[in-house]
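Here is a guided look at a protein chain, written to be read with the structure open beside you. The text starts with how far the coordinates can be trusted and then moves through the strands to the core.

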Amino acid sequence: MKLLTPVLFILLALSHNFVMAGDDVTIIDPYVRAVPPGQTVSAAFLQLENKSAETRYVVNATSPVSNVVELHSHVHENGMMKMRQIDSIEIPANGKAVLEPGGLHIMLIGLHDALKIDQKVSITLEFKNGTSQTIEAPVRKIMMKGMMKGKGAMMKDMKH
Ligand SMILES: [Cu+2]
C-alpha cells in the first residue's frame, strides 16, 4: 500500500499531462433544446474555452441521435434572422466561443427518436488539429423570451 500511492500519483500526473497536451479546449455547460413530439430538428448549445495560445476550430460534429449534424450560425438578412451552415467555429486563443439560442449552434437534423427532458445526448466535436471530444449534453426546455411573453398574455386573456 505504501508503494502504491506514489505510483498512482505518477500515473495520474502522466495521464493528466497527456490529456492537457491533446486537448486544451474545455466544453462548458452543453445542452440540447427539447422539441415538441414530431419535430425532427433540434439544436445543441455549449461554450468552448480555449486555454491554449493558438486559435482552435471546431470543424465537424456528429451524434447518434440524428441523421445529420451541422454547425450553424444565425445571420440577419433583410431584417430576418436566418440560419446558415458554417464550415467551422472559431475559438480564439485564450478565449471562448459561445453557442447559444439566436447565435452559433450545433444543428441536429433528422432526429431518430423524440428527445426526452434530461436525456443525455452524445455529441462528438472534431477539431481542426485532429483531436476530438465527446460530450453528454442533457435535453433542456428552452423558453424564448418572445414565447414567454406570448404565453403570459394568453394566460392573462384566459382569466378575463
Ligand atoms: Cu440551425
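This is a predicted model, and the average pLDDT of the protein chain is 84, with 76% of the residues scoring at least 70. Over residues 16-22, however, the pLDDT is below 50, and this stretch has one contact in the model beyond near neighbours in sequence. Residues 146-160 also stay under 50 in pLDDT, and for them the model has one contact beyond four places in sequence. Where pLDDT is low, the predicted coordinates should not be read in detail.

**Overall layout**

The protein chain contains two helices and 10 strands. Walking from the N terminus, you meet the elements in the order α-β-β-β-β-β-β-β-β-β-β-α. Among contacts between residues at least 6 apart in sequence, 67% join residues at least 24 apart. Of the 160 residues in the protein chain, 19% are buried.

**How the strands pair**

The table collects four strand pairs, each with one facing pair of residues or a bridge count.

| Strands | Sense | Bridges | Example of a facing pair |
|---|---|---|---|
| E2 and E8 | antiparallel | four | Ala43 and Met107 |
| E4 and E8 | antiparallel | six | His72 and His105 |
| E1 and E10 | parallel | two | Val32 and Val139 |
| E9 and E10 | antiparallel | seven | Ser122 and Glu136 |

Strand E8 is a good place to start, pairing in the antiparallel sense with E2 and also with E4. On the E2 side, Ala43 stands opposite Met107 of E8; on the E4 side, His72 has His105 of E8 as its bridge partner.

Strand E10 likewise appears in two rows. Its pairing with E1 is parallel, whereas its pairing with E9 is antiparallel. E9 and E10 also form a hairpin with four residues between them, and Gly130 in the turn has a positive phi of about 95°.

**The nonpolar core**

Which residues touch the most other members of the largest nonpolar core? They are Ala44, Ile106 and Val121, in a core of 23 residues. Strands E1 (25-33), E2 (41-50), E4 (66-77), E6 (89-91), E8 (105-111), E9 (120-127) and E10 (132-140) each supply at least two residues of this core. The largest share, five residues, comes from E2.

Ile106 is worth selecting in your viewer. Not counting residues up to four places away in sequence, Ile106 touches Ala43, Ala44, Ala61, Val69, Leu71, Leu99 and Ile123.

**A closer look at Ala61**

One of those contacts, Ala61, lies in strand E3 (residues 56-62). Is Ala61 buried or partly exposed? Ala61 counts as partly exposed because it has 18 C-beta neighbours inside 10 Å, while a buried residue needs 20 or more.

Leaving aside neighbours within four places in sequence, Ala61 is in contact with Val69, Leu71, Ile106, Ile123, Thr124, Leu125 and Glu126. Val69, Leu71 and Ile123 are also among the residues that Ile106 touches. How far apart in space are Ala61 and Thr134? From C-alpha to C-alpha they are 9.4 Å apart, although 73 residues separate them in sequence.

Definitions and conventions
Residues are numbered from 1 along each chain as its sequence is written. This is a predicted model: local features need pLDDT of at least 70, side-chain atom pairs count only at pLDDT 80 or more; totals for chains, interfaces and linings use all residues. A nonpolar core is a set of buried Ala, Val, Leu, Ile, Met, Phe, Trp, Tyr and Cys residues joined through C-beta atoms within 7 Å. A residue is buried if 20 or more other C-beta atoms lie within 10 Å of its own, exposed if 12 or fewer, and partly exposed in between; C-beta atoms are placed from the backbone. Two residues are in contact if their C-beta atoms, placed from the backbone, lie within 7 Å. Two strands pair if DSSP finds at least two bridges between them. pLDDT is the predictor's confidence in each residue, from 0 to 100.
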